[in-house]
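Trainee: I should like to request a close look at a single part of this protein, namely its nonpolar core and the strands around it. Please set that part in the context of the whole chain.

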Amino acid sequence: MFRTPIMEKTIEDPPTSAVLLDRCHFSQVIFNSVEKFYVPGGDITCYYTFAEHFIPRRKDWIGIFRVGWKTTREYYTFMWVALPSDINNKSAKQQEVQFKAYYLPKDDEYYQFCYVDQDGVVRGASIPFQFRPESEEDILVVTTKGKVEEIEQHNEELCKENQELKDSCASLQKQNSSMQAELQRKQEELETLQSINKKLEQKVKEQKTCWETELLQLKEHNLKVSSENEKMGIRVDQLQAQLSTQEKEMEKLVQGDQDKAEQLEHLKNENDQLFLSLTEQREQQKKLQQIVEDMKQKETSAAKKQQELMDENFDLSRRLSENKIICDVLQRERERMERENDLLKKENSRLLSYMGLDFDSLPCQVPTSDQGGAGQNPGLVYGNPYSGIQESSAPSLLSIKKCFTCKSDFADEICDHTLEQQQMQTPCLNCPICDKTFPAREKQIFEDHVFCHSL
């Protein structure tokens, strides 16, 4: 074996095999444009193409072997194969790999390129070539290079045709194997039936032998007791009748064996039909399982949507409850305000009646000027009812009033005690949630405060 040091691009030995290889795989990689000799001291480029059904792998390699090699371990030097950019493309494209001059052989022996896959199997081999200087004889041979190319092309066509024949042979072998397996299975079934039949025949023979022995014994016994033939006549008739019955039973057993064989064949046919029916039921079951899965997914999405709607409904219900509470509070406040307004109207009527005035007889507008006389203020519709009282210099009923509580007199102004009583009667607004109190005049602030609790 001749090997050079590890090349620049290699970090490990290529996969090889010590087994003598079969040369039937050499046509899967075809080497193109291989010269008869290469000039020493220069790099050489190896051109090759893959067959139609061959797929290269990552650790495939091309080695230079001396002619006469036996195993792939006898390579001289090698280079890793670069995978094509499009492995799935079935069109044959020429590939190439370059060997540096430093690693090439220095003798004039015959060598050849060999494509080895990552399992150590040779997939293609080139024609032999030498490493020697160019001579005049070689120059003369160049004139026949066209014929060599034609021969190589014809060789490639023959290799392809050979590969097609091999594929066809492999297909036929596969069909033959399947048919042989079917034949073996039928033969095993036939052997099983023959074994059953032999057992039944053996059983019939044994029973028949037993009956023949018994009959022979009866005949011998009949010869021995011939003197007592009259006494044993009835017994002989009974035995003959029993023999006839047993023969009939034997015939029935034979017929039963035939019926069982026919029934067995019928059961086989039913088994085949049941197997087909079971296959169809399994397919239908798969379809039903797929439908169930789809329905489960739809049910899950519907449940999610229903949960979202329930959450939204709960939120709206909560907001509706809060709005109802606010509405009830405002309604109660309104009723309280109306009750207080009625009380104030009653108090006002009572004060007016105490002052000697009627609430219904009051004018619709309050005078805007202190000047007396309806003629002096044309803006009043009904005139000023207090003009006569204001003209008098003495204090009138309107100018002098008496407090209901302290009985003190006051004029044109409200008594301090009455003012305090009115302030105590001022309505307040209480928050139904936090019990915070707001004056009645701050009704808008109270409503905003209650609304903030619902946020």
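Mentor: The protein, seen here as a predicted model, contains 6 helices and 13 strands. Of its 455 residues, 21% are buried. Among contacts with a separation of 6 or more, 62% link residues 24 or more positions apart. The exposed surface comes to about 34,700 Å², and carbon and sulfur atoms supply 53% of that area.

The core itself comes next. The largest nonpolar core has 21 residues, and those touching the most other members are Tyr-48, Ile-62, Phe-99, Phe-113 and Tyr-115. Two or more residues each come from strand 1, strand 3, strand 4, strand 6 and strand 7. Strand 3 gives the most, with 4 residues.

Strand 3 spans residues 44-50, and 5 of its 7 residues are buried, so the strand is largely enclosed by the rest of the structure. Strand 3 pairs with strand 1 (residues 29-32) in the antiparallel sense over 4 bridges; in this pairing, Tyr-47 of strand 3 stands opposite Asn-32. Strand 3 also pairs with strand 6 (residues 95-99), again in the antiparallel sense, over 5 bridges. There, Thr-45 has Gln-98 of strand 6 as its bridge partner.

Strand 4 covers residues 61-66 and is likewise largely enclosed by the rest of the structure, because 5 of its 6 residues are buried. Strand 4 runs antiparallel to strand 5 (residues 75-80), to which 5 bridges join it, and Phe-65 has Tyr-75 of strand 5 as its bridge partner. Strand 4 is also joined by 6 bridges to strand 7 (residues 111-116), and these two strands run antiparallel as well. In that pairing, the bridge partner of Gly-63 is Cys-114 of strand 7.

Ile-62 merits separate attention. Leaving aside residues up to four places away in sequence, Ile-62 touches Phe-31, Cys-46, Tyr-48, Thr-77, Phe-78, Met-79, Val-81, Val-97, Phe-99, Phe-113, Cys-114 and Tyr-115. Apart from the largest core lies another core, of 9 residues, among them Phe-26, Phe-78, Cys-114 and Val-116.

For context beyond the core, the polar contacts of the helices may be considered. The model has 12 salt bridges. One of these joins the side chains of Arg-185 and Glu-182, at 2.4 Å from N to O. Both residues belong to helix 2 (residues 145-224), where they are 3 residues apart, about one turn of the helix. Arg-185 counts as partly exposed at 36% relative accessibility, and Glu-182 is partly exposed with a relative accessible area of 36%.

In helix 3 (residues 229-354), Arg-334 and Glu-338 are 4 residues apart and so are separated by about one helical turn. Their side chains meet in a salt bridge of 3.3 Å, N to O. With a relative accessible area of 52%, Arg-334 is exposed, whereas Glu-338, at 39%, is partly exposed. A further salt bridge, at 2.4 Å from N to O, is formed by Glu-347 and Arg-350, which also lie in helix 3, 3 residues apart. Elsewhere, salt bridges that share partners join Arg-57, Asp-117, Asp-119 and Arg-123 into one network.

Finally, an unreviewed UniProt entry annotates residues 428-453 as "domain: UBZ1-type". Over residues 428-453, the chain is 42% helix and 23% strand, with its end C-alpha atoms 19 Å apart.

Key: Residues are numbered from 1 along each chain as its sequence is written. This is a predicted model: local features need pLDDT of at least 70, side-chain atom pairs count only at pLDDT 80 or more; totals for chains, interfaces and linings use all residues. Side-chain values use heavy atoms; hydrogens and water are left out. Buried means under 20% relative accessible area, exposed over 50%, partly exposed in between (1.4 Å probe, protein chains only). Two strands pair if DSSP finds at least two bridges between them. Contact means heavy atoms within 4.5 Å. Accessible areas come from the Shrake-Rupley method with a 1.4 Å probe; for residues, only the protein chains shown count as cover. A nonpolar core is a set of buried Ala, Val, Leu, Ile, Met, Phe, Trp, Tyr and Cys residues joined through side-chain atoms within 4.5 Å. UniProt positions are given in the numbering used here, feature names are shortened, and annotations may be inferred rather than shown by experiment. A salt bridge is a side-chain nitrogen of Lys or Arg within 4 Å of a carboxyl oxygen of Asp or Glu.
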